[in-house]
Amino acid sequence: MTQSADCAIRGGPNIAMKVPPHRFAATVAFYRDTLSLPVVGEKSDSIAFTFGPVRLWIDRVERISQAELWLELSTDDTAAAAKHLQRAGVARCDAVEPLPKGFDGFWIINPADIIHLVSNEP
């Protein structure tokens, strides 16, 4: 966990693997059948597995050609975190994926081009 004078940021409970449609079924089968990880959530184009202390979401995403790994960061104060990250020169990338209406969070990208969701989720 990192703590500045105005916010605390810590690793969040979710990792998302964005997978192209032609790899989705095999990727799900790998985690479900080969590794026997427990399924803990399902949506129309997503499935979540218990992955140690976090949830690994496998998301079927159109218009990508290779898998991407997205991470989640949690904070108790997203406004303070946004200011801290902006001062540190971290790029926002809110256009990558819409968040649900009323969701308290935003998207950033790290220097290695890995997307991170910053939210107040525990």
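Reader: Which residues make up the largest nonpolar core?

Author: In this predicted model, the core in question has eleven residues in all. Strand S2 (8–19), helix H1 (21–34), strand S4 (46–51) and strand S5 (54–60) are the elements that each give two or more residues to this core. The members are Ile 15, Met 17, Val 19, Phe 24, Val 28, Tyr 31, Ile 47, Phe 49, Val 54, Leu 56 and Ile 58.

Reader: How many residues are in the second, separate core?

Author: Apart from the largest nonpolar core there is another, separate one. Ile 9, Leu 73, Ala 81 and Phe 106 are among its members. The number of residues in this second core is ten.

Reader: With which residues is Phe 49 in contact, leaving aside its neighbours within four places in sequence?

Author: Phe 49 belongs to the largest nonpolar core. Its contacts, with those sequence neighbours left aside, include Val 28, Tyr 31, Val 54, Leu 56 and Ile 58, and these five names also appear in that core. The remaining contacts are Arg 32, Leu 37, Pro 38, Val 39, Val 40 and Arg 55.

Reader: In what order do the elements of the protein chain run?

Author: The protein chain has two helices and nine strands. Read from the N terminus on, the order is β-β-α-β-β-β-β-α-β-β-β.

Reader: What share of contacts between residues at least 6 apart in sequence joins residues at least 24 apart?

Author: The protein chain has 122 residues, of which 37% count as buried. For contacts between residues at least 6 apart in sequence, the share joining residues at least 24 apart is 56%.

How values were computed
Residues are numbered from 1 along each chain as its sequence is written. This is a predicted model: local features need pLDDT of at least 70, side-chain atom pairs count only at pLDDT 80 or more; totals for chains, interfaces and linings use all residues. Side-chain values use heavy atoms; hydrogens and water are left out. A nonpolar core is a set of buried Ala, Val, Leu, Ile, Met, Phe, Trp, Tyr and Cys residues joined through side-chain atoms within 4.5 Å. Buried means under 20% relative accessible area, exposed over 50%, partly exposed in between (1.4 Å probe, protein chains only). Helices (H or I, at least four residues) and strands (E, at least two) are DSSP runs, numbered from the N terminus. Contact means heavy atoms within 4.5 Å.
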